[in-house]
There are 2 protein chains.
Amino acid sequence: MSGKRLVRSGTTVDQMVRAIADRIVTGYLRPGERLDEVSLAARFDVSRTPVREALGHLSAMGLVERRPNRGAIVAVITQDHLASMFESMAELEAICARFSAERMTGGERRSLEIEHQASARLVQLGAEEDYEYFNTEFHSRLYRGAHNTHIHDLTVATRSRLAPFRRAQFMLPGRLAKSWQEHDVIVTAIMRGDAAAAGKAARDHVSIVSEASAVFAADDRKPVRRDVA
Amino acid sequence: MSGKRLVRSGTTVDQMVRAIADRIVTGYLRPGERLDEVSLAARFDVSRTPVREALGHLSAMGLVERRPNRGAIVAVITQDHLASMFESMAELEAICARFSAERMTGGERRSLEIEHQASARLVQLGAEEDYEYFNTEFHSRLYRGAHNTHIHDLTVATRSRLAPFRRAQFMLPGRLAKSWQEHDVIVTAIMRGDAAAAGKAARDHVSIVSEASAVFAADDRKPVRRDVA
DNA sequence: CGTCAAGAAAGTGCATGCAATCGCTATGCC
DNA sequence: GGCATAGCGATTGCATGCACTTTCTTGACG
């Protein structure tokens with residue numbers, strides 16, 4: 001990423017978008033933090049033009065907020081909006097689970113169950129980080145299993161925006177085992193082809209996560225600058 | 001505002017985004033059509049820089065497709081993706097209707113019913129264009145009535161992208177009356193507070209529209225350039 | 001002492017220019 | 001005659017520069 005030749009990768013801006021989005025999603029950049037064009041340009045060793053383009057992308061994604069003539073800041077998410085996103089997430093996951101129960105191919109069902117069972121070991125070991133990886137993969141399987149690209153996109157996008165607020169969820173004691181059990185209910189329903197049950201289980205699963213994360217998010221919002229008119 | 005502007009409106013790019021998005025959404029620009037930067041710059045009497053920024057926004061919105069070093073085209077929507085968007089739309093509307101049944105305030109319920117009843121006259125008169133306006137407003141009330149800003153945004157965005165494929169739906173004979181009756185089922189369920197019934201009615205309503213539009217969309221796709229590698 | 005205003009500094013918004021890349025065409029070779 | 005390749009035109013990608021807007025600072029007035 002540094003010292004690259006002058007060769008046109010064709011995705012210079014995309015790389016910046018991913019890099020900045022990653023910093024926001026991982027919480028490295030906090031909501032309300034200013035995104036100075038010149039600083040970013042220096043940081044990525046490019047001119048301001050591609051920076052502005054990247055900020056445009058991120059703005060359209062909802063990750064940053066652009067105020068005319070006043071620069072860009074990492075999107076400040078109100079408590080209300082955060083709640084609405086979690087609720088949406090629950091509904092979107094419910095849709096994916098319902099569709100997955102109806103449409104997953106034999107191969108998709110098999111690998112879903114296999115991976116799910118494999119992750120049980122991680123729960124026993126208490127391997128939070130490894131489980132988090134499997135957890136992400138598990139949900140991605142649901143999104144893909146819905147066999148609906150648009151729902152997939154909406155769900156992935158919403159999940160990305162929620163990522164900063166879900167980071168500490170597995171730190172709560174017993175959360176790992178509970179998460180696995182909730183996954184188990186979803187998997188069982190999908191294997192039965194019970195769409196309604198799968199949808200309900202997925203919705204409940206996400207709702208519980210949202211409650212676990214909401215408190216953390218509330219605490220985290222204190223240092224956010226309130227200088228937005 | 002008009003003519004030569006030496007004053008910085010601060011939203012020059014946004015105006016272009018809306019203008020281009022409008023042209024795409026209304027079908028004035030067809031899928032696959034090339035969006036030349038210099039032509040657009042000349043068309044809007046600006047330089048290429050804001051044009052590029054606007055294209056970035058539109059690309060992030062999914063309305064245009066940007067191929068590195070190969071320019072931008074109006075997003076070509078495959079039959080599969082179109083179907084997935086219609087299906088998503090049905091699910092999103094179902095969510096909005098369900099939430100509306102549970103959460104709409106007294107005022108919202110009242111005005112929903114009043115406007116709905118008023119639009120009955122337009123059906124009798126066969127006023128397609130006026131009904132289309134009320135139809136849009138009707139659905140917007142559902143989205144707002146869900147009291148969930150994120151679902152609202154997702155739904156509005158999806159609806160926008162489907163707009164080009166829904167244009168001729170009311171030209172089918174009897175569609176006007178059928179649409180009103182379907183709306184009536186939704187309104188009745190919402191007034192009863194019957195979330196499940198409202199959701200189902202909304203889903204069915206959109207599904208029917210999608211079927212009515214699918215054929216039109218299929219015919220419309222013929223002239224689309226298939227030069228995409 | 002607090003409020004307001006004028007100027008300077010900082011930073012964004014857009015225009016312009018140049019270099020790299022892509023697509024097309026014509027020419028040479030098999 | 002068909003296919004590969006080099007050259008050319010067209011177009012995109014990015015850097016730089018200037019104008020305008022916002023904001024911070026400093027000084028005057030109530």
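**Close-ups of a predicted two-chain model**

**View 1. How the two copies relate.** Rotate chain B by 180 degrees, with 0.0 Å of shift along the axis, and it superposes on chain A with an RMSD of 0.1 Å (a least-squares fit on the C-alpha atoms of residues with pLDDT of at least 70 in both copies). The two copies are thus related as by a two-fold rotation axis. Bear in mind that this is a predicted model: local features need pLDDT of at least 70, side-chain atom pairs count only at pLDDT 80 or more, and totals for chains, interfaces and linings use all residues. Residues are numbered from 1 along each chain as its sequence is written, while chains are lettered from A and ligands numbered from 1 in the order in which they are written.

**View 2. Where chain B meets chain A.** Here 23 residues of chain B are in contact with 24 residues of chain A (contact: C-beta atoms, placed from the backbone, within 7 Å). On the side of chain B that touches chain A, α3 (48–61), α4 (79–103) and α7 (149–162) of chain B each supply at least two residues. The biggest giver is α4(B), with seven residues. Helices are DSSP runs of H or I with at least four residues, strands are runs of E with at least two, and both are numbered from the N terminus. Sorted by class, this side of chain B has seven nonpolar, twelve polar and four charged residues (nonpolar: Ala, Val, Leu, Ile, Met, Phe, Trp, Tyr, Cys and Pro; charged: Asp, Glu, Lys and Arg; polar: the others, Gly among them). The copies meet through the same surface, because 100% of the interface residues of chain B are also interface residues in chain A.

**View 3. Helix α1 of chain A and what covers it.** The 14 residues of α1(A), residues 12–25, should span 20 Å at 1.5 Å a residue, and the end C-alpha atoms are indeed 20 Å apart (expected span: 1.5 Å times one less than the number of residues). Its buried residues are Val13(A), Met16(A), Val17(A), Ile20(A), Ala21(A) and Ile24(A). They cover an arc of only 125 degrees around the axis, which puts them on the same side of α1(A) (the arc is that of the directions from the helix axis to the C-beta atoms). A residue counts as buried with 20 or more other C-beta atoms within 10 Å of its own, exposed with 12 or fewer, and partly exposed in between, the C-beta atoms being placed from the backbone. The cover over these buried residues includes α2 (37–44), α3 (48–61) and β3 (71–74) of chain A. After α1(A) comes Gly27(A), with a positive phi near 85 degrees.

**View 4. A hairpin in chain B.** Strands β2 (residues 64–67) and β3 (residues 71–74) of chain B run antiparallel, joined by four bridges (strands pair if DSSP finds at least two bridges between them). One pairing to look for is Val64(B) with its bridge partner Val74(B). Three residues sit between the strands of this hairpin, and Asn69(B) takes a positive phi near 65 degrees.

**View 5. Two loop residues with positive phi.** Most residues other than glycine have a negative phi. Asp45(A), not a glycine, has a positive phi of about 60 degrees and lies in the loop between α2 and α3 of chain A. Asp45(A) is exposed, because 10 other C-beta atoms lie within 10 Å. His147(B), also not a glycine, has a positive phi of about 55 degrees; its place is the loop between α6 (128–145) and α7 of chain B. With 18 other C-beta atoms within 10 Å, His147(B) is partly exposed.

Methods:
Contact = placed C-beta atoms within 7 Å.
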